[in-house]
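Dear colleague,

I am passing on to you the structure that we talked about, and I would be glad if you could look at it alongside the notes that follow.

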Amino acid sequence: MSFDINNLKIGVIGLGYVGLPLGVEFGKHYPTVGFDINAARVAELEDGSDSTLECSDEELAAATHLEYTTDVEAIRDCNVYIVTVPTPIGDGRRPLLTPLRAASTTLGKVLKKGDIVVYESTVYPGCTEEFCVPLLEEGSGLTMNEDFYVGYSPERINPGDKEHRLPTILKVTSGSTPGAATFIDEVYATIITAGTHKASSIKVAEAAKVIENTQRDVNIALVNELAMIFERVDIDTEEVLEAAGTKWNFLPFRPGLVGGHCIGVDPYYLTYKAEQLGYHPQMILAGRRINDNMAVYVASRVIKAMTA
């Protein structure tokens with residue numbers, strides 16, 4: 001199968017803080033359709049405004065090849081689909097793949113021979129090929145790597161960060177065949193000025209994303225635990241960290257609460273997959289327990305200070 005970068009029509013599935021900036025950047029260069037099931041969201045974007053404030057009115061206006069829709073039929077003519085739906089956790093802190101299932105099922109209705117589907121949502125290693133691809137094949141009647149191709153390029157957006165924007169964040173890419181991987185990498189390279197890194201497989205790219213936030217979560221948990229220890233020792237944590245930080249290889253993490261869309265969620269995707277394979281993670285889950293309980297610790301410190 002040959003791929004033609006000059007004949008792209010891109011469909012972005014999900015217009016949240018990840019999908020919209022992606023649609024805007026691609027919409028400056030290629031015919032692009034942004035699809036979302038939220039009619040109010042599509043209406044505001046059509047009016048030229050983004051309530052999430054990820055994209056300014058000027059940036060939206062600059063994407064002259066971008067259109068928005070809630071109609072699945074409007075994305076049927078696309079040949080590269082990029083999925084940017086949320087991947088939260090549900091009961092028991094297990095992956096909640098309902099949005100991913102819905103997006104994959106929807107794409108299965110419009111997928112054609114020669115199309116490419118790229119997932120950006122954070123998942124556990126293996127999810128794209130084990131969970132998403134069967135839904136695409138079932139809905140379309142097509143077969144991966146014979147009729148259509150799949151890739152994974154994890155989102156690295158930091159919501160609200162006006163310094164690190166999509167084009168200036170290096171992009172990890174991957175594909176289900178060497179040819180698809182190269183083409184997907186070339187497509188992203190047209191909008192990512194920071195450059196790209198083509199991973200050897202989809203699983204490697206999935207794992208790379210999920211450990212980015214897991215590593216950060218564990219490091220924050222370590223300094224949070226140190227802060228609780230130093231309180232009992234009756235020394236100032238910040239002073240200790242400043243002193244330790246004078247060594248060149250000491251990592252500059254600080255204690256605090258862990259929240260947001262990603263850091264408190266992504267580690268559970270990795271531990272879920274590990275437990276499926278018979279390995280029971282210790283450090284990752286210990287870090288999650290520490291960080292999950294930090295709000296209680298901080299509140300108790302505040303109450304203690306107020307009543308002292």
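Where the two parts of the chain meet, 19 residues of domain 1 are in contact with 13 residues of domain 2. Please keep in mind that this is a predicted model. The domains themselves run from 5 to 199 for domain 1 and from 208 to 307 for domain 2, and their centres, taken over C-alpha atoms, are separated by 31 Å.

Between domain 1 and domain 2 an area of about 1500 Å² is buried, and carbon and sulfur atoms give 65% of that area. On the side of domain 1, the residues that lose the most area to domain 2 are Arg93, Thr122 and Tyr124, which together make up 32% of what that side buries.

As for the polar side of this interface, four salt bridges are found across domain 1 and domain 2, and the count of residue pairs in polar contact between the two domains is six. The residues of domain 1 that touch domain 2 comprise twelve nonpolar, two polar and five charged ones. A salt bridge is also formed by Glu130 with Lys273, whose closest N and O atoms are 3.0 Å apart.

Turning to the rings, the structure holds five aromatic pairs, among them the tilted pair of Phe26 and Tyr30, with 6.3 Å from centre to centre and 45° between the planes. Phe26 is buried, at a relative accessible area of 0%, and Tyr30 also counts as buried, at 13% relative accessibility. The rings of Tyr124 and Tyr272 have centres 5.5 Å apart and planes at 50°, so this pair is tilted.

With best regards

Definitions and conventions
Residues numbered from 1 in each chain as written. Predicted model: local features only at pLDDT ≥ 70, side-chain atom pairs only at ≥ 80, totals over all residues. Heavy atoms only, no water. Domains from an automatic or database assignment. Contact = heavy atoms within 4.5 Å. Buried area = accessible area lost by both parts, 1.4 Å probe. Salt bridge = Lys/Arg side-chain N within 4 Å of Asp/Glu carboxyl O. Polar contact = N/O pair within 3.5 Å; in protein donor to acceptor, adjacent residues only side chain to side chain. Nonpolar A, V, L, I, M, F, W, Y, C, P; charged D, E, K, R; others polar. Phe/Tyr/Trp six-rings, centres within 6.5 Å; stacked < 30°, edge-to-face > 60°. Buried < 20%, exposed > 50% of the residue type's maximum accessible area, 1.4 Å probe, protein only.
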